[in-house]
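Let's walk through this model together, beginning with how far to trust it and then turning to one of its sheets.

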Amino acid sequence: MALIWIAPNKLHQQSYQKMKSLFAETRLLRPVMYDELDQADGVIKPGEILFVNWESINKDKNLMVRDSEQAASLYEITRRTSQELGLPIVVVIDEEHLFWSKTADKSAKVLGRINPKVEIRISATPKTHSDHIVAVSREEVVAEEMIKRQVVLNPDITKGYTDERELNQHLIECALEKRRQIAEAYSKEGDTDINPLLLIQLPNDTSEAMTADDTAIAEQVKTYLRAIKGITTENKRLAVWLSKEKENLDGLEKPNCMTEVLLFKQAIALGWDCPRAAVLLIFRKLNSEQFTVQTVGRIMRMPEQKFYKNDLLNVGYVYTDISKDQIVIATEDMDYLNKDALQAIRRENLNNVALQSYYSVYKSSDRNRLGPDFKKELIDCFQRNWLVKWQQFIFSFDDEETSEQEPAQNVAEQNRKQVEQNQRIKFDVLRLGVEVPENIVFQNEVGIIDVDKNKHEFARSAGEVRRIYIDYCRSLLGSFEKAHSTDVLAGYLLQAMEELFELFETDAMKVILYYANKPKFTDIIQKALNNYERILMQRQQKARERSFEAYTWEVPAERLYKDSTHHIINKVEDHALLPFVELNNALSPERRFRDFLEANSQYIDWWYKNGDEGKQHYSIPYGNSRGEKRLFYVDFVVRMSGGQVFLFDTKTENRDPEAPNKHNALVDYMEGKGLMGGIVVEQQGVWHYSRFHIDTTENTTGWEAFFPDQYR
């Protein structure tokens, strides 16, 4: 089948880039833009997914829906695809709710001309209905460590507040302090280089235009930041995104950008991608439910798509003066704005522990980067696919060697003729043109600006050509590390153009980027990248094994729990964090052992129920039955009143086949550290554990009974 992905504004570009990365390895789908289609065939090929901007096809005068000498229209392409290739067309409509309001008739007309077999409509707030609905739960995305666990509303809002301080100033202070704490936590994460961003949203209605209240609050915020915190647009610590004021927005999305605060209104809501955004301060009432959801979503993304051992970094924070009953979540599943998050605090003067814990890391050699040998793979691809020759030594000071070689100029000339004839590559590209809007008057507000009659074609400068070329190389890298590999690909591709065709720098870039040439170069480059990735995977097979890094773990100062999956048990008083918060579906052995510990609290200083995933929880490495390295999260850490520390993991007899491996690893880990414990199994009301290695948990003969009164 053939697929078309339609999205408003520039969201199609964002989706295109994400899809390119997603399918870089499997190649199940090939994401393309309109200018990357093979115009010679004028069809969408099987497995291709064409990304289209809605504003470029919603008017009959738009270039993409008009046939020209250079390219067929979108409608002609879909007709050929459907009728001549016999391929069914599937249309994906991103942000579906934006198309079925005032533009319903126009949307229906466009889809009618495309004539898809299936429409897939995507939205957090759908406007149309279907008997076929696929819902992606937030929990699934959290499990992939792509978004934060939850959001806490107004944490510690009363701390430091006095009647003399205005609420707005207090909210700013609280939000800045939380941003500072998060920045400090990131600095302790080792090689993580992330500067968290605080978003401050002005009051808004349904438009982006500034009201008198907006202006007053904006001036108050900027004055406070300048006078009290030294945060200004001049020192680039403050960015502004308003209808008539835009400052320091370039590079704002970069993880280590020095900007700490962004003052904005409505323009940020749709499609803005800045994963380092961590704290959100919202002033006054938000009338748009959908906008509320999308705005809070700006602080939900994990900047490195992984959780951190410090749970402070795995949570989003919202400060606002909105009354609780004024906040509305658009859909039932959008429950990440957790106004009643459960928080537990470490007991005062707790005799803490310092245990060696581990978290999983990948070796630096496992990074997916292009190396020096990629150049040969790239040139080999040109040779195999375009049947060109490679004159590796163009210049030589050895007369005899030079005389035996075919002159480089002749080789390059033959290569050019060969490729012109067989591949239809155009080499005499004098300039790259671009149509730029001219004499357009607008108010910098969200909306669609019609510039069909006011465009002029300009030639791109050498600097622009290079920028577009670098972006083009970056877009092809897929799963390769773009920060390192973009320049490597760009450099080796230019070297290949020089050694194969005697084209240099800007001339070579123009040939590569020329609209008719570009898909063919893309094909060669992607073949080389795919081949190189297979080589890299084989080379790094051992390096891809998980390794584990040690750090010192202690009972955390605080811990946040999601209220929809946890509940407070007030009768528990000896837990290290209070109140005690437990999973709703906690296993029966865990609940019974919890009650056992509480019943013996006179002999126990404190006990702690550990988490079961993430860097912030206590774990040790072990080898499973398949020989794979894994992490074992021990259920309970128990400190007796006499100072002895036990590590226990509750099990039912012979239920967990990996229990012996976990226990044996724990026994080895505890040796020489003054620790005791292991897998603990209840039999007739008595909990037993073994000091030695075990083969099974079915037979506990010879295991020791755990009696807390022996360790006062």
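pLDDT is the predictor's confidence in each residue, on a scale from 0 to 100. This is a predicted model, in which local features need pLDDT of at least 70 and side-chain atom pairs count only at pLDDT 80 or more, while totals for chains, interfaces and linings use all residues. Residues are numbered from 1 along each chain as its sequence is written, and side-chain values use heavy atoms, leaving out hydrogens and water.

The protein has an average pLDDT of 81, and 81% of the residues score at least 70. Confidence is highest in strand β23 (residues 604-609), at a mean of 97, and lowest in strand β13 (residues 337-338), at 44; strands here are DSSP runs of E with at least two residues, and helices are runs of H or I with at least four, numbered from the N terminus. Over residues 285-291 the pLDDT is below 50, yet this stretch has 19 contacts beyond near neighbours in sequence, a contact being heavy atoms within 4.5 Å. Where pLDDT is low, the predicted coordinates should not be read in detail.

Now for the sheet. Five strands, in the order β2-β3-β1-β4-β5, make an open sheet with parallel pairing; two strands pair if DSSP finds at least two bridges between them. Because β2 (30-33) and β5 (118-121) each have a single partner strand, they stand at the edges, with one side of each left without a neighbour in the sheet. From one strand to the next, the twist averages 25°, with angles running from 0 to 180 degrees between N-to-C directions of axes fitted as lines to C-alpha atoms, for helices over the stretch in contact.

At the β2 edge, four bridges join β2 to β3 (residues 48-53) in the parallel sense, and M33 stands opposite F51 in β3. Helix α1 (residues 11-22) lies across β1 (2-7), β2 and β3, and runs at about 150° to β2.
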